[in-house]
Amino acid sequence: MDSGPFYPRDRGWHPPAYTPGYKTSMTRAPSRPLVALGSTLSEETGPVFGRDMLGPRDNDLVLNFTGEPALGERIIVHGRVLDENARAVPGVLIEIWQANAGGRYRHRNDGYLAPLDPNFGGCGRTVTGADGTYEFRTIRPGAYPWPNGVNDWRPMHIHFSVFGSGFGQRLITQMYFEGDPLIARCPIANTLAPEAREALVAPLDMHRAIPMDALAWRFDIVLRGRRQTFFENRAEGL
Amino acid sequence: MSGRDYLRETPSQTAGPYVHIGLTPNLLGTRVYPGDLGTSPIREGARGERITITGTVRDGAGMVLRDVLLESWQADADGIYPGGDPRGPADPNVTGWARIAADFETGEWRLETIKPGRAPCPDGRPMAPHVALWIVARGINTGLQTRVYFEDESEANAACPVLARIEHKERVQTLLARRVGAGDYRFDIVLQGAGETVFFDL
Ligand SMILES: [Fe+3]
């Protein structure tokens, strides 16, 4: 089990809390600076999830709701989870959720006029293997409009929730699809600097496509790394 | 990280309004998994004082968030963490982790758990008992980290090296759960403005 302090988060790489282009952030962003300290045991430890908790179809969103195939463009989304030291992170619980092929979510608060797909639930989960790899099968989510500006549309995206080996690595992000013209126009994608935004754009991966069945997209995820401590020196404060 | 042997952390994006589909699908009635994860941080037989922590999350306009989702992480009654604590195994009946969706109508959230013990800082000094919280919602671009401390642990709180690092002392009370009954605490979170909760970068 990994232990040891985390590298501090690079807050200039993550989106700032206050991003007026994304209107809801204006009242939900803390106005005071974060209290920044080195990590403690409370961040360096975290919940453990085993592959044994997974059902056989948990990572197959095409079939995992009713057993009948969901409508839409069938795709594979796969990749590796690494840390900032470029080491594979095994045992990572990844949970995803997304709209259906028409851009509609199965959620009580989504009233978009696109219909629900009776065979698409919209969630999946998996745990990374020893080499940090993961894989989902799903359908490509549709773009959808949302109330922000008068005519704002979300690009096609999949929401990702990721655990590491410590609670301080907890991360939620979104994967976008290479070539989608809506990415550059999206106020949420644009809470990030262009270079950081690029890290969320999954390229098409024809090597993993399944002929006559599914296209594939590759999305690698990087979690906070731990400081490699061979010599302990903790004289100064925390 | 700028060294070329290092990778950069994947940048955060908001959890958005539909986070429940992914993290608490059963709460929405979507039966893909047998149950939602993190429904309780303890099991029958967990050692320690049973407590409940109830609260809301309010925005800078004073509105209660009804779409917020929190996760909690804590030590057992002896201050040992269940996952990856180098000091040894924790109480087998404490999983330590919970996932809490606010009520869709009222915005109230509630955690039923045991009061954690004190875990040490890297320098060995004990932190005061606390529950780590991670908060996500629409409009929150990067999950917010805060901690629930307990107002009736004044001695431990006064000696906590993390609380000591909060420069504006009057803000420490935003991290103290108020005791409202035997074992019942209230912890209201304010995202922005007057009484803004302290959020950490740990
Ligand atoms: Fe979305």
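## Chain B: the annotated span

Helices here are DSSP runs of H or I with at least four residues, and strands are runs of E with at least two, numbered from the N terminus. With those terms, residues 47–193 of chain B are 6% helix and 33% strand. The C-alpha atoms at the two ends of this span lie 38 Å apart. The model is predicted.

Why pick out this span? UniProt lists residues 47–193 of chain B under "domain: Intradiol ring-cleavage dioxygenases". The entry is unreviewed.

## Chain B: the whole chain

Chain B has 11 strands and three helices. Their order along the sequence is α-β-β-β-β-β-β-β-α-α-β-β-β-β. One helix opens the pattern, and a run of strands follows it. Two helices then come in succession, and four strands close the pattern.

How does the radius of gyration of chain B agree with that of a compact globule? For 202 residues, such a globule would have a value near 17 Å. Chain B has 17 Å, so the two agree. Along the principal axes, the C-alpha atoms of chain B fill a box of roughly 45 × 45 × 45 Å.

Of the 202 residues in chain B, 60% count as buried. Now take the contacts in chain B with a separation of 6 or more: 66% of them are between residues 24 or more positions apart. The chain exposes about 7,700 Å². Carbon and sulfur atoms supply 47% of that area.

## The iron site in chain A

Which residues coordinate the iron ion? Two are tyrosines, A:Tyr105 and A:Tyr144, each through its OH atom. Two are histidines, A:His157 and A:His159, each through NE2. The distances run from 1.9 to 2.2 Å.

Four donors count as tetrahedral if all angles lie between 85 and 135 degrees. Here the angles subtended by the four donor atoms run from 90 to 164°, which makes the arrangement irregular.

In sequence, the donors follow the spacing Y-x38-Y-x12-H-x1-H. A:Tyr105 lies in the loop between strand 3 (93–97) and strand 4 (123–127) of chain A, while A:Tyr144 is in strand 6 (residues 144–146), so this pair ties together parts 39 residues apart in sequence. Both tyrosines, A:Tyr105 and A:Tyr144, are buried.

## A:Thr40, in contact with chain B

A:Thr40 sits in the loop between strand 1 (35–36) and helix 2 (41–44) of chain A. Is A:Thr40 buried or exposed? Its relative accessible area is 0%, so A:Thr40 is buried.

Leaving aside neighbours within four places in sequence, A:Thr40 is in contact with B:Pro122, B:Met127, B:Arg147 and B:Val162. Within chain A, A:Thr40 and A:Phe6 are 34 residues apart in sequence. In space they are 8.9 Å apart, C-alpha to C-alpha.

## Two positive phi angles

A:Ala86 is not a glycine, yet its phi is positive, at about 65°. This alanine lies in the loop between strand 2 (74–83) and strand 3 of chain A. Its relative accessibility is 39%, so A:Ala86 counts as partly exposed.

A:Met212 also has a positive phi, near 65°, in a residue other than glycine. The loop that holds A:Met212 runs between strand 10 (201–202) and strand 11 (215–218) of chain A. At 88% relative accessibility, A:Met212 counts as exposed.

Notes:
Residues are numbered from 1 along each chain as its sequence is written. Chains are lettered from A and ligands numbered from 1 in the order in which they are written. This is a predicted model: local features need pLDDT of at least 70, side-chain atom pairs count only at pLDDT 80 or more; totals for chains, interfaces and linings use all residues. Side-chain values use heavy atoms; hydrogens and water are left out. Donors are N, O and S atoms within 2.8 Å of the metal (3.2 Å for Na, K and Ca); water is not among the atoms, so sites may look incomplete. Four donors count as tetrahedral if all angles lie between 85 and 135 degrees; four count as square planar and six as octahedral if opposite donors are over 155 degrees apart and all others between 65 and 115; anything else is irregular. Buried means under 20% relative accessible area, exposed over 50%, partly exposed in between (1.4 Å probe, protein chains only). The radius of gyration is taken over C-alpha atoms; the globule rule is 2.2 Å times the number of residues to the power 0.38. Contact means heavy atoms within 4.5 Å. Accessible areas come from the Shrake-Rupley method with a 1.4 Å probe; for residues, only the protein chains shown count as cover. UniProt positions are given in the numbering used here, feature names are shortened, and annotations may be inferred rather than shown by experiment.
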